[in-house]
Amino acid sequence: MADKIQTLVMSLQQTQRQQSEQLHFTRQLIDSLPLPVFVADSQGRCLDVNKAWEHHLGGPAHQWVGQPIHALGIPMAAQAGRTESREVRWSLEDHRTQDWTYIQAPFTTANGTAAGTIGTLIDITERKRAQETLQAEKERAQVTLASIGDGVITTDMHGRIETINEAAQLMTGYQATQAIGRLLDEVFRFFEEPMSLTTPSGFGRELRSSTLHQAAQQVLIHRSGEHYAIEYTAAPIQDGEGTTAGCVLVFRDVTETRELREKLSWHARHDALTGLHNRVALAERLTHAVFTARQNNSLLGVCMLDLDHFQRINDQHGVRTGDRLLREVALRLSAFATASDAVARMGGDEFVLLLGNQPDTQAIAARALQVLSQLAQPYAIDHQTLHATASIGIAVFPQDDVAPDTLLRHADQAMCHAKRTGRNQIHLFDVQQDHEVQTLHTQQTRVAQALHDAEFRLYYQPKINLRTGEILGMEALLRWQHPELGLLGPQHVFPLIDDTELTVKVGEWVLEQALRQMRQWTAAGQCWAVSVNIAAWHFHRPNFVERLKAILQTCPEVPPSQLELEILESAALEDVAYMRSMMQSCQALGVRFALDDFGTGFSSLSYLKRLPAETIKIDQSFIRGIVDDHDDLTLVNAIIALAAALQRKVIAEGVETQAHSDILLQLGCELAQGYGIARPMPAEQVPEWARSYHHQASAPKAVF
Ligand code: C2E
Ligand code: MG
Ligand code: MG
């Protein structure tokens with residue numbers, strides 16, 4: 001029994017020795033590993049670390065025991081039973097950083113229950129640095145490629161395009177997204193094949209086989225069909241083992257070599273303050289964007305953006321702060337722009353934003369509003385908060401299908417509109433309205449020229465007494481002797497110059513001309529009164545009376561009472577009190593008045609009573625109807641009665657037939673004017689007409 005116990009004890013002791021040997025070995029094994037090891041329980045708390053851990057992360061093992069793994073910025077393995085790795089970056093006290101990959105694997109107890117994780121750290125600082133340097137170099141290369149004026153295209157070993165810089169996109173007409181993956185020969189096409197090559201596809205092959213390929217002058221075909229004279233260099237790209245992996249093609253537009261040299265400099269294409277593209281670069285971008293919009297059937301929004309009250313910021317905070325604000329604005333605009341957009345500074349506080357590849361106008365407006373709200377966010381500049389807003393004018397291509405520089409002008413016009421109508425808003429250029437404004441403007445210019453070139457004439461239409469046959473006078477009516485279109489009526493003049501200063505100029509010319517004519521007739525013994533039509537706008541000029549007086553004085557031989565001014569009844573009703581006082585002032589000079597087109601203005605008796613016009617002229621539309629329209633007859637009858645009641649003279653215009661004349665006489669209206677008596681005629685024909693009229697009038701009714 002004692003033997004048995006002795007043997008058992010010895011065997012236990014041996015097992016214990018073996019286990020402790022095992023443990024000691026395991027310990028040595030872990031400690032001898034060069035990689036830091038972290039053993040965690042199932043809660044992620046440290047059970048043990050090895051020597052390498054102590055060495056790399058500092059502190060003896062007992063300080064680590066019990067610490068949670070997440071205190072090191074490492075989350076616990078997300079899924080039990082799986083090996084996971086993740087990268088961590090630690091900042092060291094000396095401001096350096098270290099990058100590690102932490103690989104953690106689960107471990108279990110002997111019976112298979114999950115017990116925790118064993119993690120190791122692998123130092124990847126070196127690899128990370130190399131990667132970052134490479135990335136930075138790549139970005140630098142991309143920025144360089146983007147900012148140089150030379151076109152650069154790289155291809156893979158099969159001649160498929162891998163990269164294409166902005167200059168190359170502009171020269172070929174292909175955007176990066178369209179060009180990448182295509183065969184070089186499809187994008188980079190020559191007008192004439194180089195002598196050494198037979199087919200277009202041969203070009204790519206040639207490049208791959210030769211070491212360096214150079215050509216002084218070739219004609220490149222832009223996607224639009226335009227031709228560019230270029231020179232290019234092509235070289236194969238070789239990998240580390242010397243195998244050709246692709247080719248790089250560098251080319252430049254030599255259409256104007258000198259211009260190109262200027263373009264090549266960064267400063268010639270960029271705005272020094274903000275680093276944005278300048279006007280020159282924008283012009284290229286805009287041409288390209290217009291072409292792309294046409295190709296893609298998409299819309300292009302050309303946004304002209306101007307900061308509101310920027311001068312105030314300069315005045316209040318100084319130019320330096322103003323400059324910083326402009327830089328901030330530039331940064332926000334650049335951040336806003338997508339790959340299809342472009343941003344440029346035009347100078348001052350004016351920027352241009354091109355919104356490419358837009359589906360509709362609403363989308364453009366929505367994006368412009370976004371920019372507006374982003375720019376309206378406060379600016380932290382020089383320890384102070386500044387606020388700025390902007391106004392945006394937008395021209396949309398191809399709805400506004402004009403040349404690029406006109407698009408910019410239209411956007412600018414719209415921007416001015418946005419400023420005028422309150423700022424901090426967008427305004428879309430209205431193509432339709434511009435067209436109308438433009439044609440009206442051209443037409444007005446033409447009318448002004450007609451006045452200057454003495455193309456206007458006055459025609460005279462007689463007014464007579466139907467009963468006595470007496471010639472009372474003439475109405476002066478404007479005509480335009482147009483060099484190409486012939487004789488034009490006043491409807492080709494007045495509607496175009498409505499409510500403009502030109503109405504006054506033409507009106508004064510008519511007055512002067514009529515007075516001169518009256519002087520001539522008076523001198524010849526014919527004291528005919530002349531009626532001149534006065535446009536409402538002209539009559540409402542504050543200095544009308546003064547000017548009329550001055551004009552009357554140019555012909556002192558003519559008694560002012562022989563001049564009658566015809567004012568449309570409708571115009572006279574607009575402001576009766578004012579009209580009354582104006583008419584009275586003119587009457588004080590001796591001039592008389594007629595209310596023209598009477599009956600169309602629906603004036604009431606009380607109004608008419610207050611207007612001191614000596615004569616009422618019944619509108620021709622009613623006269624025309626008196627023969628067979630009972631209503632017209634009633635109305636004309638009423639007007640004649642009204643005139644009699646107010647002791648005004650009444651004259652009928654548009655008297656065309658004997659029937660008109662007969663009815664008017666029956667109704668008590670003796671004065672008349674109309675084609676039936678005479679059509680308007682040039683002044684020199686009037687004396688002859690008067691002679692023959694008197695002759696005929698002696699035989700009653702012969703005038704019709
Ligand atoms: P209005 O003052 O009522 O002039 C009469 C218009 O009727 C004239 O047309 C005349 O040619 C036309 N007319 C005369 N008798 C007859 C007729 O029997 N039958 C028909 N169908 N028409 C007749 P016009 O010369 O074309 O002038 C049209 C209007 O233009 C004038 O209407 C007047 O309002 C305006 N206008 C003409 N000259 C001047 C001007 O020098 N200054 C201003 N402000 N307006 C003018
Ligand atoms: Mg008239
Ligand atoms: Mg009339």
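Helices here are DSSP runs of H or I with at least four residues, strands are E runs of at least two, and both are numbered from the N terminus. Before you click, note that this is a predicted model: local features need pLDDT of at least 70 and side-chain atom pairs count only at pLDDT 80 or more, while totals for chains, interfaces and linings use all residues. Residues are numbered from 1 along each chain as its sequence is written, chains are lettered from A and ligands numbered from 1 in the order in which they are written, and side-chain values use heavy atoms, with hydrogens and water left out.

**Stop 1: helix H16**

Select residues 431–452. That is H16, 22 residues that reach 31 Å from the first C-alpha to the last, close to the 32 Å expected at 1.5 Å a residue. (The expected span is 1.5 Å times one less than the number of residues.)

Now pick Asp430. This residue caps the N-terminal end of H16, with a side-chain oxygen 3.1 Å from the backbone nitrogen of Gln432. Go past the other end to Ala454: just after H16, this residue takes a positive phi of about 55°.

Which residues of H16 are buried? Colour Asp434, Val447 and Ala450. Buried means under 20% relative accessible area, exposed means over 50%, and partly exposed is in between, using a 1.4 Å probe and protein chains only. Show what covers these residues: the cover includes helices H15 (404–420), H17 (494–497) and H18 (501–523), plus strands E19 (456–465) and E20 (471–482).

**Stop 2: strand E19**

One of those covering elements is E19, so let's stay there. Tyr459 is in this strand and, at 15% relative accessibility, counts as buried. Contact means heavy atoms within 4.5 Å. Ignoring neighbours within four places in sequence, Tyr459 contacts Glu475, Ala476, Leu477, Arg479, Leu487, Pro680, Met681 and Pro682. Try a distance label, too: the C-alpha atoms of Tyr459 and Pro404 are 48 Å apart, with their positions 55 residues apart along the chain.

Move along E19 to Lys463. This lysine is buried, at 7% relative accessible area. Its side chain makes a polar contact of 2.3 Å with that of Ser531. (A polar contact is a pair of N or O atoms within 3.5 Å; within protein, one must be able to donate a hydrogen and the other to accept it, and residues adjacent in sequence count only if both atoms are side-chain atoms.) For a long distance label, pick Gly44: its C-alpha is 115 Å from that of Lys463, and the two are 419 residues apart along the chain.

**Stop 3: Glu566**

From Lys463, hop to Glu566, as their side chains share a polar contact of 3.4 Å. Glu566 is in strand E23 (residues 563–568). Is it buried or exposed? Glu566 counts as buried because its relative accessibility is 1%. Among the residues it touches beyond four places in sequence are Glu475, Ser531, Asn533, Asp596 and Lys617.

**Stop 4: ligand 1**

Select ligand 1 and expand the selection to residues with a heavy atom within 4 Å, the cut-off for being near it. You should get 23 residues, the closest being Asn533, Asp596, Gln620, Glu656 and Tyr675. Three atom pairs deserve a label:

- Arg479: a side-chain N or O atom is 2.9 Å from a ligand 1 oxygen.
- Asp597: a polar side-chain atom is 3.2 Å from a ligand 1 oxygen.
- Tyr675: a polar backbone atom is 2.7 Å from a ligand 1 oxygen.

While you are at Tyr675, look at its ring: the charged end of Arg679 sits over it, 3.9 Å from the centre. To count, NZ of Lys or CZ of Arg must be within 6 Å of the ring centre and within 35 degrees of the ring normal. Arg541 lies over the face of Trp537 in this way, 3.6 Å from the ring centre.

**Stop 5: the aromatic rings**

How many aromatic pairs does the structure hold? There are 14. Rings of Phe, Tyr and Trp (its six-membered ring) pair if their centres lie within 6.5 Å; planes under 30 degrees apart are stacked, over 60 edge-to-face, and the rest tilted.

Start with Trp521 and Trp528, which are edge-to-face at 5.2 Å centre to centre and 80° between the planes. Both are buried. Then select Trp689 and Tyr693, a stacked pair with 5.0 Å between centres and 15° between planes. They are four residues apart in helix H27 (residues 686–697), so about one helical turn separates them. Tyr693 is buried at 3% relative accessible area, and Trp689 counts as buried at 13%. To finish, show Phe188, Phe190, Tyr232 and Phe251, which ring pairs link into a cluster.
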